[in-house]
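Thanks for making the time, everyone. I would like to walk through a few surface features of one model, and I will take them one at a time.

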Amino acid sequence: GKGRLGQLVHKKCCSVVALTSVRTEDQGDLNKLADNFKAQFNDNAEVRRRWGGGIMGLKSQHVTQRREKAIQLEHAKKLGLQIA
């Protein structure tokens with residue numbers, strides 16, 4: 001997380017680190033890390049697909065309930081049923 005990156009740059013927290021140069025003997029380790037990161041985040045469709053908890057607020061819940069009720073009434077009218 002941000003705390004671990006902060007330790008790298010001797011700060012409390014850090015969100016991004018830019019590597020400007022890498023020694024040739026460390027290039028293999030960096031490539032291995034980059035491949036792991038791509039596999040865990042960039043190529044992982046499950047992480048990209050998840051946007052939120054799916055919990056709507058009170059107003060949104062009421063709006064959705066009203067819409068569902070209106071849809072049910074429309075279906076009932078089409079079928080010729082009486083629902084009060």
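Which residues make the nonpolar surface patch of about 310 Å²? Before I answer, please keep in mind that what you see is a predicted model, and that everything I quote is computed from it. The patch is made by Leu33, Phe37 and Phe41. Of these, let me pick out phenylalanine 37, which lies in helix α2, the element covering residues 27-42. Its relative accessible area is 46%, so phenylalanine 37 is classed as partly exposed, and because a patch takes in residues with over 30% relative accessible area, that value passes the cut-off.

Let me turn now to the charged side chains. As general background, side chains of opposite charge can pair when their charged atoms come close. In this model the count comes to two salt bridges, and arginine 23 takes part in one with glutamate 25, where the closest N and O atoms are 3.6 Å apart. Both of those residues, arginine 23 and glutamate 25, are exposed.

Arginine 23 also forms a salt bridge with aspartate 26, and here the closest N and O atoms are 3.0 Å apart. For arginine 23 the relative accessible area is 54%, and since the exposed class begins over 50%, that is where the residue falls. Aspartate 26, with a relative accessible area of 27%, is partly exposed. Through shared partners, the salt bridges join Arg23, Glu25 and Asp26 into one network.

That is what I wanted to show, and I am happy to take questions.

Terms used: Residues numbered from 1 in each chain as written. Predicted model: local features only at pLDDT ≥ 70, side-chain atom pairs only at ≥ 80, totals over all residues. Heavy atoms only, no water. Patch = residues over 30% accessible without salt bridge, like charges linked within 9 Å, V, L, I, M, F, W, Y side chains within 5 Å. Areas by Shrake-Rupley, 256 points an atom, 1.4 Å probe, with all protein chains shown as cover. Salt bridge = Lys/Arg side-chain N within 4 Å of Asp/Glu carboxyl O. Helix = DSSP H or I, 4+ residues; strand = E, 2+ residues; numbered from the N terminus. Buried < 20%, exposed > 50% of the residue type's maximum accessible area, 1.4 Å probe, protein only.
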